[in-house]
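User: I've got a model open and would like to talk through its fold. Could you take me through it?

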Amino acid sequence: MKNILLAIVTLASVTGLKAQQNDVTATETTSQNENSEKGLRLKANALFLPVGIVNVAGEFQLNKKITLQGDVLVSPWKSFAGHELQYYSASVEGRYYFKQAFDGFYLGANVAASKFTFQKWSYWNDRIYDNTYSNPNNTSTDVFVMSDLYQKGYSILVGVTAGYQFRLSEKWFMDIYGTVGNSQDFYKGYERGTGKRYDGETGFNRSAEIMPYRGGIMIAYKFK
């Protein structure tokens, strides 16, 4: 009788041990499956493509909740609806996801640099340009119409991003985001056609402003 009881206890112990091993194996498998979600996402901004502006990015996971993204934007338009719109930028962004990487809401810190030849939206009118606006010592008697003027230079930008990313299918994701920050701009102003400086300067003008400078709807593909 004692031998039977001993055999039953031994069998129960072995069965329990095997069950624990199976649980560990299942946990490891689940963890591996979760890790398979980690890796690289390549993206394109669906909001800009219809107007011929290319914005692509790559986002790489660093740990469970943090990713690093790099992106470039190319707007090659010498004239778009009658306005200069050549804009080239690159940025690096660190992202923190509240749930887990590539899933749900996130906040990011962004640093970007850009080079541009464009016409500011405030120049989309036919008012006469005030020659003393950017340079009070400007004594030029030239008369410029604002719609004929454009700016050429570069910017350094630092901002904060907020966004939401979610799964569309096994391999495809959607990333909706926007960035607001400080833009330090260095530029020269010219008159279209003549190439004459309208601002009375010989070097760069400088301006700084808080503004939205990135955003869109990225369609992402999971590579690994």
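User: How many helices and strands does the protein chain have?
Analyst: Keep in mind that this is a predicted model. Reading along the sequence, the pattern is α-β-β-β-β-β-β-β-β. So the count, with helices and strands taken as DSSP runs, comes to one helix and eight strands.

User: In what order do the strands close into a barrel?
Analyst: Eight strands take part, and their pairing is antiparallel. From one strand to the next, the twist averages 20 degrees. The order around the barrel is β1-β2-β3-β4-β5-β6-β7-β8.

User: Let's look at one pair. Which residue in β5 stands opposite R95?
Analyst: β4 covers 83-97 and β5 covers 104-118. The two run antiparallel and are joined by 13 bridges. Across from R95, in β5, you'll find G108.

User: Is A81 buried or exposed?
Analyst: A81 sits in the loop between β3 (66-80) and β4 (83-97). Its phi is near 55 degrees, a positive value in a residue other than glycine. Most residues other than glycine have a negative phi. The relative accessible area of A81 is 69%, and the cut-off for exposed is over 50%, so A81 is exposed.

User: And F102, buried or exposed?
Analyst: F102 also has a positive phi, near 70 degrees. Its place is in the loop between β4 and β5. Relative accessibility is 3% for F102 and buried means under 20%, so F102 counts as buried.

User: Which strand gives the largest share of the largest nonpolar core?
Analyst: That core has nine residues: I53, L73, Y87, A112, F116, F118, L157, Y187 and Y213. Three residues of this core come from one strand, the largest share. Apart from this core lies another, of seven residues, including A57, A101, Y106 and Y177. The strand you're after is β5.

User: Sticking with the largest core, which residues does F116 touch, leaving out those up to four places away in sequence?
Analyst: F116 is one of the nine residues in that core. Two of its partners, Y87 and Y187, belong to the core as well. The full list for F116 is Q86, Y87, Q151, K152, G153, Y154, S155, F186 and Y187.

User: Zooming out, what share of the residues in the protein chain is buried?
Analyst: The protein chain has 224 residues, and its accessible surface comes to about 13,400 Å². Carbon and sulfur atoms account for 64% of that surface. With buried meaning under 20% relative accessible area, the share of buried residues is 36%.

How values were computed
Residues numbered from 1 in each chain as written. Predicted model: local features only at pLDDT ≥ 70, side-chain atom pairs only at ≥ 80, totals over all residues. Heavy atoms only, no water. Helix = DSSP H or I, 4+ residues; strand = E, 2+ residues; numbered from the N terminus. Buried < 20%, exposed > 50% of the residue type's maximum accessible area, 1.4 Å probe, protein only. Core = buried A, V, L, I, M, F, W, Y, C linked by side-chain atoms within 4.5 Å. Contact = heavy atoms within 4.5 Å. Pairing = 2+ DSSP bridges. Axes fitted to C-alpha atoms, helices over the stretch in contact; angles between N-to-C directions. Areas by Shrake-Rupley, 256 points an atom, 1.4 Å probe, with all protein chains shown as cover.
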